[in-house]
Amino acid sequence: MTDRHAVPPEPERDEELFIEFANDLAPSGDGAAGRMAAASALGAWMTARHLVRRRPSALRMVGELHEFAQLRDLVRGVVSRVAAGQQPTKTQVRSLNRVLREGVHHHVLQPDASGATFTVGQVGDELDQARAAVAGSLAHYLADHDRKRLRVCADDTCRWLFVDQSPAGRRRWCDMRTCGNRAKAARHRARVRRHGK
Ligand SMILES: [Zn+2]
């Protein structure tokens, strides 16, 4: 789908856009109400992150939830492999490149009716571009940053993605106060059980 619209500001170059996208947003809400809530949260996030110029309609967002859910699976799949010390698969790289390609857009100079003044418009689909911005942040992370720092939270009920910025680089949980503490409490319970008190 191609449309012409005003040029949105260039998205902030945030190398962790993909982490926020994969963690905070669940594009595959259950039922009509769940899909609506997911679409609304996603639309608000894209607007706040300047990935779109104007918040997309809920209807449009619901219609594209599937594409966003696929991208989320792709991001999580790539990060899971990298965090386990593996390379992304060829299929994953191809899929990521396809999302990047679909975000292609260009600017056009538009004269007004009199031909005396101009505006610059942009041609290309805004939601395709938003997905490409997320995919681009992952691509840049993999190319430019320390891949060994990418993690999936060790808590099975959490599985958030994060970048380990600790000096030693041995962090296992997304947050020591929540997941880390839960693990510590579980280890403590296991120890108490083993020692029979
Ligand atoms: Zn966690």
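**Exercise 1. Count the helices and strands in the chain, then give their order.**

Solution. Start with the tally: this predicted model has six helices and five strands in its chain. Next, walk along the chain from the N terminus, and the elements read β-α-α-α-α-β-β-α-β-β-α.

**Exercise 2. Find where confidence in the chain is lowest and where it is highest.**

Solution. Begin with the whole chain: the mean pLDDT is 87, and 89% of the residues reach 70 or more. Then go element by element. Strand S1 (residues 4–6) has the lowest confidence, with a mean of 68, while helix H4 (residues 90–102) has the highest, at 98. A word of care to finish: where pLDDT is low, the predicted coordinates should not be read in detail.

**Exercise 3. Work out how helix H3 is oriented relative to helix H5, and which residues meet.**

Solution. First, fit the axes of H3 (residues 58–83) and H5 (residues 126–144): they come within 11 Å and cross at roughly 5 degrees. Second, apply the cut-off: angles under 35 degrees count as roughly parallel, so H3 is roughly parallel to H5. Third, list the residues in contact. From H3 come Glu64, Glu67, Phe68, Leu71, Val75 and Val78; their counterparts in H5 are Leu127, Arg131, Val134, Ala135 and Leu138. Finally, sort this contact by class: eight residues are nonpolar, three are charged and none is polar.

**Exercise 4. Identify the buried residues of helix H1 and the elements they pack against.**

Solution. For background, buried residues make up 24% of the 197 residues in the chain. Now turn to H1 (residues 17–24), where the buried residues are Leu17, Phe18, Ile19, Phe21 and Ala22. Their packing partners are H3, H5 and strand S5 (161–163). For the wider view of contacts, take those in the chain with a separation of 6 or more: 61% of them are between residues 24 or more positions apart.

**Exercise 5. Describe how strands S2 and S3 pair, and say whether S3 is covered.**

Solution. Look at the pairing first: S2 (residues 106–111) and S3 (residues 118–123) run antiparallel and are joined by six bridges. One pair to locate on screen is Pro111 with its bridge partner in S3, Phe118. Next, inspect the link: this hairpin has six residues between the strands, and Gly115 takes a positive phi near 80 degrees. Last, check the burial of S3. The count of buried residues among its six residues is zero, so to speak a strand that is hardly covered.

Note on methods:
Residues are numbered from 1 along each chain as its sequence is written. This is a predicted model: local features need pLDDT of at least 70, side-chain atom pairs count only at pLDDT 80 or more; totals for chains, interfaces and linings use all residues. Axes are lines fitted to C-alpha atoms, for helices over the stretch in contact, and angles run from 0 to 180 degrees between N-to-C directions. Helices (H or I, at least four residues) and strands (E, at least two) are DSSP runs, numbered from the N terminus. Angles under 35 degrees count as roughly parallel, over 145 as roughly antiparallel, 65 to 115 as roughly perpendicular and the rest as oblique. Two residues are in contact if their C-beta atoms, placed from the backbone, lie within 7 Å. Ala, Val, Leu, Ile, Met, Phe, Trp, Tyr, Cys and Pro count as nonpolar, Asp, Glu, Lys and Arg as charged, and the others, Gly among them, as polar. pLDDT is the predictor's confidence in each residue, from 0 to 100. A residue is buried if 20 or more other C-beta atoms lie within 10 Å of its own, exposed if 12 or fewer, and partly exposed in between; C-beta atoms are placed from the backbone. Two strands pair if DSSP finds at least two bridges between them.
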